[in-house]
Amino acid sequence: MPRLIINQLKWLDRVVDSKDLTTKIMQLISIAPVYLQHDFVTSLPEILGDSQHADVGNELSDLLTENTLLTVPILDVLSSLRLEPKLLTKVRQLVMGKLSSIMLDDLPMSVKFILHSITATDALEVISELREKLDLQHFFLPSLFQASQSKLKNKGQTSFSGNQENSGQDCVTLLFDVIKSAVRYEKIISEAWIKAIENTTSVSEHKILDLAMLFVIYSTNTQAKKYIERVLRNKIRSGCFEEQLLQGTFYIHYLGILDYLDNMSPQQIRKLFYILSTLAFSKQHEASSHIQDDMYLVIRKQLSSTMFKYKLIGIIGAVTMAGIIAADRSRSSSLTPGRGDLSSEQCTQVTSLLQLVHSCSEQSPQASALYYDEFANLIQGRKLAPKVLEWAGQTIFNDFQDAFVVDICVVPEGDYPFPVKALYGLEDYDSCDGIAINLLPLLFSQDFVQDGGRLTLQESDQKLVSPLCLAPYFRLLRLCVDRQHNGDLEEIDGLLDCPIFLTDLEPGERLESMSVKERSFICSLIFLTLNWFREVVNAFCRQMLPEMKVKVLTRLKHIVELQQLLEKHLAVTPDYVPPLANFDLETSEVTPHTSTAVSAKIRIQGNLGGRKRKADDSKTSSPDPLSKEDNSECDPAPYDRSQLEKEFRGKEEKTSVSLQNYRAFFRELDLEVFSILHCGLVAKFILDTEMHTEATEVVQLQPPELLFLLEDLAQKLENMLTPSVTRRSPFLKSKGNRNIGFTHLHQRSASEIAHIVVQLLSPMCNHLENIHNYFQGLTAKNHGVVDGPGIKGQEYHIMSSCYQRLLQILHGFFAWNGFFQPGNINLLYSALEVLTNRLKPGESEQALDELLSQSFHYLQNFHLSIPSFQCALYLIRLLMVILEKSTAPTQNKGKIASLARQFLCRVWPSGEKEKSSIPNDQLQALLSIYLEHTDGVLKAIEEIAGVGVPELINSPKEASSSTFPTLTRHTFVIFFRVMMAELEKTVKGLQAGTAADSEQIHEEKLLYWNMAVRDFSILINLIKVFDSRPVLHVCLKYGRLFVEAFLKQCMPLLDFSFRKHREDVLSLLETFQLNTRLLHHLCGHSKIHQDTKLTRHVPLLKKTLELLVCRVKAMLILNNCREAFWLGNLKNRDLQGEEIISQNSQESTADESEDDTSSQVSKSKGTEGGEGDEASDGEKERESDESDDDSD
């Protein structure tokens, strides 16, 4: 009933005595029960008149101090009343004083009132006081952690306390909604809040709210992002934002982040669990035990899932958390300062957690392999406590031996589709001595799956094991041994030279007769063997004993041979999907291209020396040496070139498969593997039983193995040092395979990788010089003939590919944009000193410019031996990168132009089927570099268009220009496009000048424009001979841009040059008029052929031509020569000058005669000729446009 009475007082049309009514209502409020007081207060704005707002505001402010239960309705009403600023300030101060003791439910409304009462003059003062009063940790942390425990432990149960917890969470949400709305729509509030945080200088005065507010404003106000980033950087550098503050901030938000785990990438999951584990086990916060409980619950839940997507989260989270617990505390640690080694309780905690992961993943090969890889990454990246390493090493060693290692004398017997043989052994074993990897029987005896399903065993008592886990398990084993014995792998060195139970992998004639299942089996066998060898090379690549180095190089040779075999098998098994090698991703992300289409660049690798090892040999015959020393000249004599060429030609006839499409199915090579590049000659002594040297065989890094290493290194540098597309990657996982296969690489920073490359520069220079000498010798032997003997051979192509990869690596390294970051400049000095010392050994302490100059000179010397156009482009780009870092680049800029011209004027070996071996994009890039770096762009364009192109026109169909052999009919459009683009770019950058400039400057610019228009004329007229669609498209696009540049840059020059250089200006306009007439013909040609790609450029071009007519008329009027401007009709013609018949093209004979006569008279007068024809061109275009519009 009271509410009904109150409702009758709302929105009255007429109140006789509003003041008395207000007094009565306020009296009722003072004596009414609380629930009625609430209704009375909230109804006041709908009852009161404007004149009573001030009085009611004063009374409500007094009531606010007496009755805290009415805080929310009173503040809500005060926000709706028209109050004086003094009263608002008084109420705001009153509310501010009560913030520290206010109820949590009243907090959002109180903060909202304070923020809405802020003015521009007091914003900073009010916000500073507000951030001092608000304490998130005091208000929110207890309720949040109680809520988290209730949510995870008592899920599904409801209680009164649970409602309270939900209410607390709702208040937190409402508060941040209020603040977010205020900073989004009120610029003065967001700026004042950032300023208040910036003005706080004491470390102790900073609060969790400061970080939270910076994040909130950053997410809502795009204009303040840079300001906030600067504030954050300054606070971190000054030490104001300490680790404890960050921990407190994340304590509030971590539960929300855990809800998004299934949308994160593996790398993001690792980072998240690393942060949370660090917080949970820091022992520096009262709520750390709560986080531990929550994380254990999440991990157990994910591990128990049958879906690999969720099991992956559990495995990564568990291993990451185990790494934090098991961190070596023998030295000072930020986690637990002053503590010693791991306690028994902590050790049990770690081992139990890892055993839980093992038991939950052993039914899935993919999950098991992921667990082994994550554990291995943990051991490699962090120093674990000795107790954990000892436990892990003993367990892993025994399990690996039981699962994969068998005695070599026990040849597996069974119903195998192929005979089982022990292959790829590096030592001679007695009949019952030695071990072998039991690969083929394991692969055959189990149903091999990739989706994490269960394995079907043929024998019930056989231990569950999958060959998919062979390489990951071995990686884990060797890292354990490596950490326990400080790099000494003697305990497991038998795995380096032991054979593998396989079958004959060389396909031979039986390949075509094999079933699809058998082919897939052989492919899987090769993939698994390759990945085993890759991990073996990863493990033993840093061993220093000569005997071990020989074995590692031999394993590298086996990898190259197996990749050749794999390409043959994959070519006839198109729908085959290999076993996974990288397990921290979904299978769908790495499905290879199943078609047998030939890749753009066929990867050619092979064995260059000696006879091919028989499949059943237990030891590998060593190849002939390439040279006697690592940095000596390559001698092509030891190779049987005729045999190599025969094999290569045979391979060309078959379909090849690029293994680049299968990169995700190979194990990642560690960066330490590239220390093999240091290898020169290593002697291997085979001793007889009497310990006398019976024979000496020389084994060194051969070209196919060198190419294999260089290709992998180039991919790594491209992934880490080359900036990706300028687009911020989203936080949540996005599809893409750019980072697949680089998991270990991404555990290092770009600076670390750059440091490793610096250590490799010297051996890479050795290889670069060796290859340079090889091609120099081959050129001398062939007396400079491009397609001489050996050019088509496999050896030549491998050496050429090595050359290209070396230049690509050097370019990718020196193009890294991190050299001038703090702390990295020394890397640049070190790298340049390596190159400089190749020319002048022993010199040190040189200035940067001197180092750059010497390095430029050293690299430039390789241009004489460049074997392919691709190598030439990489060399040019490498020199440009060196040049860019110099403070005086002008001196060497001409050298780059000269070098680029040499490469354009060089005859390159033809590619397959006599087609050009020069990719279009690379030719375009090199030609652009030449024109950009040459001193005379216009002269260079005139030389190509005026000399090279006529040579091409007069040559046979398949021939090329004699001056520019790279210019053929096939590549003409590339040359034409680049020349038109560079011509337009050049004139566009030319300043128009002013009338105040000297006469000499006017003459120079006028001469320059004459040259530019002459070049433009030569290029435009080429469309009469080369009238293909791409050429015409280029002409329409860049023709319009050139005319626009002429309007903006040249016409102002003609304005004040016309009087003194009348004849020169007229000659220029006359020449240009002929070009615009041809452009008009091109517009008609495009419309007649109804080519949409061409016609879309026509309207803009015609508009530009009309503007040119008007601009010429304005220039003549300015120079008092208006009588020289006249308009005539210009017929529509095609490219050959033939008239285009249309309904608007019928002209009288008298008119035509008059036009011709006026044109002749204009030319005889001198002044009117050029402008008249120009004007007639534009006038006809207008008429043509009108006729087009009418016809439409």
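The secondary structure of the chain comprises 43 helices and six strands. The coordinates are those of a predicted model. The chain has 1192 residues, of which 53% count as buried. Its exposed area is about 55400 Å², and carbon and sulfur atoms supply 50% of that area. Among contacts in the chain with a separation of 6 or more, 77% are accounted for by residues 24 or more positions apart.

**Salt bridges**

Side chains of opposite charge can pair when their charged atoms come close. The structure holds 27 salt bridges. Three of these pairs are set out below, each with the distance between nitrogen and oxygen.

| Pair | N to O distance | Separation in sequence |
|---|---|---|
| Arginine 131 and aspartate 210 | 2.7 Å | 79 residues |
| Glutamate 198 and lysine 195 | 3.8 Å | three residues |
| Lysine 551 and aspartate 497 | 2.7 Å | 54 residues |

Arginine 131 forms a salt bridge with aspartate 210. This pair links distant parts of the chain, with arginine 131 in helix 8 (residues 123-133) and aspartate 210 in helix 12. Arginine 131 counts as buried because its relative accessible area is 4%, which falls under the 20% limit. Aspartate 210 is likewise buried, and its relative accessible area is 0%.

The side chains of lysine 551 and aspartate 497 also meet in a salt bridge. This bridge again links distant parts of the chain: lysine 551 belongs to helix 25 (residues 546-571), whereas aspartate 497 belongs to helix 23 (residues 494-497). Lysine 551 has a relative accessible area of 9% and is therefore classed as buried. For aspartate 497 the value is 8%, and this residue is buried too. Elsewhere, salt bridges that share partners join Asp373, Arg475, Arg478, Glu535, Arg667 and Asp670 into one network.

The pair of glutamate 198 and lysine 195 lies within a single element, since both residues belong to helix 11 and stand three residues apart, about one turn of the helix. Glutamate 198 is partly exposed, with a relative accessible area of 27%. Lysine 195 is partly exposed as well, at 36%. Both residues fall into this class because their values lie between the limits of 20% and 50%.

**The loop after helix 11**

Helix 11 (187-199) is followed by a loop that leads to helix 12 (208-220), and valine 203 is found in this loop. Valine 203 has a relative accessible area of 34% and is therefore partly exposed, between the 20% and 50% limits. Apart from neighbours within four places in sequence, valine 203 is in contact with Gly239, Cys240 and Glu242. The C-alpha atoms of valine 203 and glutamate 242 are 8.0 Å apart in space, while the two residues are 39 residues apart in sequence.

Helix 12 thus connects two parts of this account: the loop holding valine 203 leads to it, and aspartate 210, the partner of arginine 131, is located in it.

**A negative surface patch**

Asp55, Glu59, Asp62 and Glu66 form a negative surface patch. One of these residues, glutamate 59, is found in helix 4 (residues 53-66). Glutamate 59 is partly exposed, with a relative accessible area of 37%. This value satisfies the requirement of over 30% relative accessible area for residues that make up a patch.

How values were computed:
Residues are numbered from 1 along each chain as its sequence is written. This is a predicted model: local features need pLDDT of at least 70, side-chain atom pairs count only at pLDDT 80 or more; totals for chains, interfaces and linings use all residues. Side-chain values use heavy atoms; hydrogens and water are left out. Helices (H or I, at least four residues) and strands (E, at least two) are DSSP runs, numbered from the N terminus. Buried means under 20% relative accessible area, exposed over 50%, partly exposed in between (1.4 Å probe, protein chains only). Contact means heavy atoms within 4.5 Å. Patches are made of residues with over 30% relative accessible area and no salt bridge: like charges are joined within 9 Å, nonpolar side chains (Val, Leu, Ile, Met, Phe, Trp, Tyr) within 5 Å. Accessible areas come from the Shrake-Rupley method with a 1.4 Å probe; for residues, only the protein chains shown count as cover. A salt bridge is a side-chain nitrogen of Lys or Arg within 4 Å of a carboxyl oxygen of Asp or Glu. Lys and Arg count as positive and Asp and Glu as negative; His and the chain ends are not counted. The place of a charge is taken as NZ of Lys, CZ of Arg, CG of Asp or CD of Glu.
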